[in-house]
Structures are given as C-alpha cells and as structure tokens.
Amino acid sequence: MHSLQFSVPLLPTSRFKRHSVRCASDRQQLFNRIAPVYDNLNDLLSLGQHRIWKRMAVSWSGAKTGDSLLDLCCGSGDLTFLMSEKAGADGKVIGLDFSKEQLSIASSRRYLLSKACYNNIEWVEGDALDLPFSNGYFDAITMGYGLRNVIDKRRAMQEMFRVLKPGSRVSILDFNKSMQPFTALFQEWMIDNVVVPTATVYGLAKEYQYLKTSIDEFLTGKELEKLALDAGFSYARHYEISGGLMGDLVAAR
C-alpha cells in the first residue's frame with residue numbers, strides 16, 4: 001500500500017494554509033473508525049444503488065472536461081473518482097475530508113484503480129467550514145453525505161458559494177428527510193432492522209445508530225433550498241430519489 005501524502009494544491013490565493021478542523025470531534029472519530037468497512041457497508045446496505053445515486057449527483061453538478069472541481073467530505077473517494085473522469089487529464093480535482101483514515105483509503109484506491117485520469121486528483125485534509133481555496137476557484141462542487149454531519153450547515157453552504165465560479169453549480173447528495181409519513185417510517189424501519197444489524201456484524205452498531213438522529217436533525221428539501229438561497233445562490237432545487245429515501249440539492253451560484 002502506498003503511503004498517503006496530503007498534497008497542497010497550488011492555488012492562486014494567500015489564504016491557503018492548514019486549518020484546524022473545526023468539527024465535532026466525536027463525528028470525526030466516528031468516520032475514522034468506520035473507514036475500513038465503509039465501502040463494503042455502502043454496497044450491502046444500498047444493494048449497490050449508491051453508485052447510481054452518486055453518478056446522478058455528479059451529472060447534476062455540471063462538471064465537464066478541463067474543469068477545476070471539488071468533492072467535499074469525499075470519504076473514500078467515490079464521487080471524487082467520478083468527478084476526475086469528468087474533468088479528464090486537463091482538469092483538476094480536489095478531494096477534501098476531515099478524516100485521515102478515509103483519505104488514506106481514498107489515496108490507496110486511486111493506485112489500485114489505476115486510471116490515468118485519476119492523476120488529476122489531490123487529497124486534502126481540511127474543514128468544510130473554512131475551505132482553504134480562493135474565491136470563485138471551482139467550476140463545480142459535489143458533496144456526498146457530508147452536509148448532514150457538519151456542525152454549521154449555513155457556514156458550509158456559504159463556503160461552497162464563495163469558492164464556486166459565477167454560474168457554476170453544487171450538487172449535494174444525502175439522506176432525504178421526508179415529509180411523507182410512510183417514507184419516513186420505512187426509512188426508520190430500515191435503519192433499525194437492516195442498517196444497524198448489518199453494522200453489528202462489523203462491530204459498528206453504535207457507530208451506525210447515529211444515522212436516525214442525524215436524519216431527524218437534518219433539513220427537509222424545502223429547508224435545504226432556502227439554506228442555499230440564503231447563502232447567495234441564485235437557484236436551488238432539491239430532488240427526491242430512490243422513492244424519497246435519498247435526496248440531492250442542486251444549487252447554482
């Protein structure tokens with residue numbers, strides 16, 4: 001396995017520096033603990049559907065060849081790799097996360113997958129609430145299952161707005177906080193009877209029990225749209241997918 005090096009992107013800004021990650025330390029430790037089995041659990045718990053949702057999210061971002069792209073809360077890199085394929089050899093992709101263990105796995109996966117375009121990726125350990133990039137730098141941003149876990153969602157949205165170029169889009173994939181009683185009950189049943197028991201096999205029951213609380217405390221689709229508009233975005237629309245169990249917020253600067 002290759003050793004992980006967190007590269008410093010050579011961005012045209014005097015703001016770039018290593019920031020302390022101002023997030024809830026318990027959540028940071030949680031993602032470090034689940035990192036080794038995160039991908040396997042995603043496949044098991046979604047029956048592989050998460051790969052379709054992630055391709056949808058990347059498509060909604062509007063990323064294209066030659067772009068400078070950012071994948072926030074990149075985890076083990078699924079969205080980052082998809083963005084890399086969109087950007088191509090002439091583009092640039094940053095995968096940013098607060099978990100060193102997740103970034104280490106993402107970096108190792110790049111070498112194992114060994115696609116030439118993945119050379120356009122740089123992994124950065126950083127804070128979604130204080131992005132170390134200059135204003136208007138990126139052509140598109142993705143964020144998968146991250147906004148629900150940041151401690152200041154308004155600040156995270158403002159930071160995404162700041163580093164996006166005018167006219168560019170952010171695509172944010174996450175669990176949907178459904179207002180439909182049946183969907184909400186089914187989602188809760190799935191967590192109690194499928195997600196947590198499956199995680200228990202890996203010794204991670206406690207780590208995955210937080211899901212129900214994090215979804216309960218999350219924003220509805222309409223609230224996410226308002227959050228984006230309040231942050232300065234000119235357009236925001238939340239799409240429910242997979243029967244309303246998941247959602248994707250698309251916002252244009």
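A nonpolar core is a set of buried Ala, Val, Leu, Ile, Met, Phe, Trp, Tyr and Cys residues joined through side-chain atoms within 4.5 Å. In this predicted model, the largest such core has 34 residues. Leu69, Met83, Trp123 and Leu211 have the most contacts inside it. Several elements give two or more residues to this core. The helices are H3 (49–61), H4 (78–87), H5 (100–113), H7 (181–201) and H8 (205–216). The strands are E3 (121–125) and E5 (164–175). Another core lies apart from the largest one. This second set holds 32 residues, among them Leu131, Phe138, Ala156 and Val163. In soluble globular proteins, nonpolar side chains tend to be buried together.

The protein as a whole contains 9 helices and 7 strands. Of its 253 residues, 56% are buried. Among contacts between residues at least 6 apart in sequence, 75% join residues at least 24 apart.

Leu69 illustrates the contacts of one core residue. Neighbours within four places in sequence are left aside here. Leu69 then touches Ala63, Met83, Ala87, Lys92, Val93 and Ile94. Its contacts also include Phe138, Asp139 and Ala140. Two of these partners, Met83 and Ala87, are buried residues of H4. Phe138, also in contact with Leu69, belongs to the core of 32 residues.

Helix H4 is mostly covered, with 8 of its 10 residues buried. The buried residues are Asp78, Leu79, Thr80, Phe81, Leu82, Met83, Ser84 and Ala87. Just after the helix, Gly88 adopts a positive phi of about 75°.

H4 also contributes to a pocket. The second largest pocket contains about 250 Å³ of space. H3, H4 and H5 each supply at least two residues of its lining. The lining comprises His50, Arg51, Lys54, Arg55, Asp78, Phe81, Leu82, Glu85, Arg109, Leu113, Lys115 and Tyr118. Asp78, Phe81 and Leu82 are in the lining and are buried in H4. Two lining residues, Phe81 and Tyr118, also take part in an aromatic cluster with Trp123. Trp123 is in turn one of the residues with the most contacts inside the largest core.

The whole structure holds 9 aromatic pairs. In one of them, the ring centres of Tyr137 and Phe138 are 5.0 Å apart. Their planes meet at 85°, so the pair is edge-to-face. Tyr137 has a relative accessibility of 18% and Phe138 a relative accessible area of 1%. Both values fall under the 20% cut-off, so both residues count as buried.

Phe161 and Phe233 form another edge-to-face pair. The centre-to-centre distance is 5.2 Å, and the angle between the planes is 75°. Phe161 lies in helix H6 (residues 153–163). Phe233 sits in the loop between helix H9 (221–230) and strand E6 (235–241). The pair therefore ties together parts that are 72 residues apart in sequence. Both Phe161 and Phe233 are buried. Arg253 lies over the face of Phe161, at 4.1 Å from the ring centre.

Met179 provides an exposed site. Its place is in the loop between E5 and H7. Met179 has 57% relative accessibility, over the 50% cut-off, and so counts as exposed. The C-alpha atoms of Met179 and Gly221 are separated by 9.1 Å. Along the chain, Met179 and Gly221 are 42 residues apart.

Notes. Residues are numbered from 1 along each chain as its sequence is written. This is a predicted model: local features need pLDDT of at least 70, side-chain atom pairs count only at pLDDT 80 or more; totals for chains, interfaces and linings use all residues. Side-chain values use heavy atoms; hydrogens and water are left out. Buried means under 20% relative accessible area, exposed over 50%, partly exposed in between (1.4 Å probe, protein chains only). Helices (H or I, at least four residues) and strands (E, at least two) are DSSP runs, numbered from the N terminus. Contact means heavy atoms within 4.5 Å. Rings of Phe, Tyr and Trp (its six-membered ring) pair if their centres lie within 6.5 Å; planes under 30 degrees apart count as stacked, over 60 as edge-to-face and the rest as tilted. A charge sits over a ring if NZ of Lys or CZ of Arg is within 6 Å of the ring centre and within 35 degrees of the ring normal. On a 1 Å grid over the protein atoms alone, a cavity is a set of points where a 1.4 Å probe fits but cannot get out, and a pocket is an open set with protein on both sides within 12 Å along at least five of seven lines; lining residues have an atom within 4 Å of a point. Grid points are joined across faces, edges and corners, and a volume is the space filled by probe spheres set on the points.
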